[in-house]
Amino acid sequence: MVTTFATSLLKPARNAPVEERIEGAWHVYPLEGALELDYVDQAGNATRRWVLARELKVGPGKMLLGGIDILTEDGYRGFRVDRIQRLEDAETGLVVEHNILDWLMKLAERQAKARKRHLARVQAGA
C-alpha cells in the first residue's frame with residue numbers, strides 16, 4: 001500500500017508538460033493535480049483510482065485525462081473523461097459529480113494563467 005500525503009504529490013514532475021500543444025487531432029492541455037476518480041472501465045467495472053494528473057487531451061469525440069495511477073504498476077495512462085463518474089481534488093477536497101470535463105478544462109485554464117503570471121514575475125525580477 002502506498003502511504004503518502006496528497007499535497008506532496010502536487011509538486012510538478014520534472015518531465016511534465018507545461019505548454020498547450022497539438023498532437024495530431026488532439027489538443028493537449030497541461031494539468032497538475034492529485035485526483036481520486038470513481039471510474040468505469042471498458043468492461044463496465046466500477047473502480048476507484050488515485051491519479052496524478054499530467055494533461056487533458058481533447059480530440060475528435062473523445063477526452064482523456066492523462067496521468068499516473070499511483071496504486072498500479074501501469075504507469076502513465078489515459079482515462080476517458082466520459083467514464084469518470086465522480087472526481088475529488090485531493091488538494092481542496094472538492095467533489096465533482098457533474099460537468100467533470102468542464103471542471104477539468106477550467107482547472108487547466110486556471111493553472112495556465114498561474115504559470116504565465118509566475119513566468120512574468122520571474123522575468124521581471126531577472
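In the predicted model, the lining of the largest pocket is formed by V18, E19, E20, Y29, P30, A108, E109, A112, K113, R115, K116 and L119. The volume of this pocket comes to about 270 Å³, and the elements that contribute two or more residues to its lining are the strand β2, spanning 26-40, and the helix α1, spanning 100-125. Of these, α1 supplies the largest share of the lining, namely seven residues. In terms of residue character, the lining divides into six nonpolar and six charged residues, with no polar residue; V18, Y29 and L119 are among the nonpolar members, whereas E19, K113 and R115 are among the charged ones.

With regard to the overall arrangement, the secondary structure of the protein consists of one helix and seven strands, and, read from the N terminus, these elements follow the order β-β-β-β-β-β-β-α. The helix that gives the largest share of the pocket lining, α1, is thus placed at the end of this series of elements, after the strands.

Of the 126 residues of the protein, 33% count as buried, where burial denotes a relative accessible area under 20%. The area exposed by the protein amounts to about 8,100 Å², of which 53% is supplied by carbon and sulfur atoms. Among the contacts between residues at least 6 apart in sequence, 46% join residues that lie at least 24 apart.

Key
Residues are numbered from 1 along each chain as its sequence is written. This is a predicted model: local features need pLDDT of at least 70, side-chain atom pairs count only at pLDDT 80 or more; totals for chains, interfaces and linings use all residues. Side-chain values use heavy atoms; hydrogens and water are left out. Helices (H or I, at least four residues) and strands (E, at least two) are DSSP runs, numbered from the N terminus. Buried means under 20% relative accessible area, exposed over 50%, partly exposed in between (1.4 Å probe, protein chains only). Contact means heavy atoms within 4.5 Å. Accessible areas come from the Shrake-Rupley method with a 1.4 Å probe; for residues, only the protein chains shown count as cover. On a 1 Å grid over the protein atoms alone, a cavity is a set of points where a 1.4 Å probe fits but cannot get out, and a pocket is an open set with protein on both sides within 12 Å along at least five of seven lines; lining residues have an atom within 4 Å of a point. Grid points are joined across faces, edges and corners, and a volume is the space filled by probe spheres set on the points.
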